[in-house]
Amino acid sequence: MKMFKSLSQLPRIVSPFQKSYSTDLISLVGIPRVKITKGQNRYLLVNIHTHGFTKYGRVIVRGADVDNHLTVFDSILEELEPQGICAKILGGGRILNEADSKKMKIYGTSRTFGSADHTRTRNILHSWTTYKDFKITVKN
């Protein structure tokens, strides 16, 4: 009889584990960490998470050769919202991507979203296989 009582409590014990290891979290892995173009980029550092799971996020870098950071933000939302992924902007700046000479310069700030942590951006870029061999300088 004691065994049946302890088995009846099993759903309450297992339920929190099901919530924190949901298959929805796997969808973040399919999102590339870096998307930038060659040349001058306005970029945003973004924390993404599945709706309802703010504790389990991932930081990505998105940039493009556009007039303002809001255009980059709009493209991020177009990419992520259909998948049910939420985005929180951590800041922005500029990236000068000289792909031919394998150099990058990260600098500046976004008037709309504030300054990003450029050192964190550099670390994310170095972790990406395309930019692993690049010489990346940061100017605050």
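Strand β5 (residues 103-107) runs parallel to β6, and the two are paired over four bridges. Within this pairing, Met104 has Ile136 of β6 as its bridge partner. The model described here is predicted.

**The sheet**

Strands β5 and β6 belong to an open sheet of six strands, in the order β1-β3-β2-β4-β5-β6, with mixed pairing. At the edges lie β1 and β6 (135-138), each of which pairs on one side only. Helix α3 packs on the sheet and touches β1, β2, β3 and β4 (85-98), with its direction at about 40 degrees to that of β2. Strands of a sheet pair through backbone hydrogen bonds, either parallel or antiparallel.

Three of the strand pairings are set out below.

| Strands | Sense | Bridges |
|---|---|---|
| β1 and β3 | parallel | two bridges |
| β2 and β3 | antiparallel | eight bridges |
| β5 and β6 | parallel | four bridges |

Strands β2 and β3 form a hairpin with six residues between them. In the turn of this hairpin, Gly52 has a positive phi of about 95 degrees. One bridge of the β2 and β3 pairing joins His49 to its partner Gly57 in β3.

A positive phi is also found at Lys102, where the value is about 55 degrees although the residue is not a glycine. Lys102 sits in the loop between β4 and β5. With a relative accessibility of 41%, Lys102 counts as partly exposed.

**The chain as a whole**

The protein contains four helices and six strands. Their pattern along the sequence is α-α-β-β-β-α-β-β-α-β. The chain has 140 residues, and 32% of them count as buried. The accessible surface amounts to about 9000 Å², and carbon and sulfur atoms account for 54% of that area. Among contacts with a separation of 6 or more, 67% are between residues 24 or more positions apart.

**Val34 and Thr121**

Val34 is part of strand β1. Its bridge partner in β3 is Val61. The C-alpha atoms of Val34 and Ile60 are 6.0 Å apart, while the two residues are 26 residues apart in sequence. Is Val34 buried or exposed? Its relative accessible area is 6%, so Val34 is buried, the limit being under 20%. Leaving out residues up to four places away in sequence, Val34 touches Val61, Arg62, Ile124, Leu125, Trp128 and Tyr131.

Thr121 lies in helix α4 (residues 118-127). This residue is buried, at 0% relative accessible area. Apart from neighbours within four places in sequence, the contacts of Thr121 are Tyr43, Leu45, Val61, Ile95 and Ile106. Val61 is thus a contact of Thr121 and also of Val34.

**Salt bridges**

Side chains of opposite charge can pair when their charged atoms come close. The protein has two salt bridges.

Lys35 forms a salt bridge with Glu79, with 3.3 Å between the closest N and O atoms. The pair connects distant parts of the chain, as Lys35 is in strand β1 (residues 34-35) and Glu79 in helix α3 (residues 69-80), 44 residues apart. Lys35 counts as partly exposed, at 40% relative accessibility.

Arg62 also forms a salt bridge with Glu79, and here the closest N and O atoms are 3.2 Å apart. Arg62 is in strand β3 (residues 57-64) and Glu79 is in helix α3, so this pair ties together parts that are 17 residues apart in sequence. Arg62 counts as buried, at 4% relative accessibility. Through shared partners, the salt bridges join Lys35, Arg62 and Glu79 into one network.

**Arg42**

Which residue is covered by the UniProt annotation "binding site"? According to the unreviewed UniProt entry, the annotation covers Arg42. Arg42 lies in strand β2 (residues 39-50). Not counting residues up to four places away in sequence, Arg42 touches Arg62, Gly63, Ala64, Val66, Asp67, Asn68, His69, Val72, Gly93 and Arg94. One of these contacts, Arg62, is a member of the salt-bridge network with Lys35 and Glu79.

Note on methods. Residues numbered from 1 in each chain as written. Predicted model: local features only at pLDDT ≥ 70, side-chain atom pairs only at ≥ 80, totals over all residues. Heavy atoms only, no water. Salt bridge = Lys/Arg side-chain N within 4 Å of Asp/Glu carboxyl O. Buried < 20%, exposed > 50% of the residue type's maximum accessible area, 1.4 Å probe, protein only. UniProt positions renumbered as here; feature names shortened; annotations may be inferred. Contact = heavy atoms within 4.5 Å. Pairing = 2+ DSSP bridges. Axes fitted to C-alpha atoms, helices over the stretch in contact; angles between N-to-C directions. Areas by Shrake-Rupley, 256 points an atom, 1.4 Å probe, with all protein chains shown as cover.
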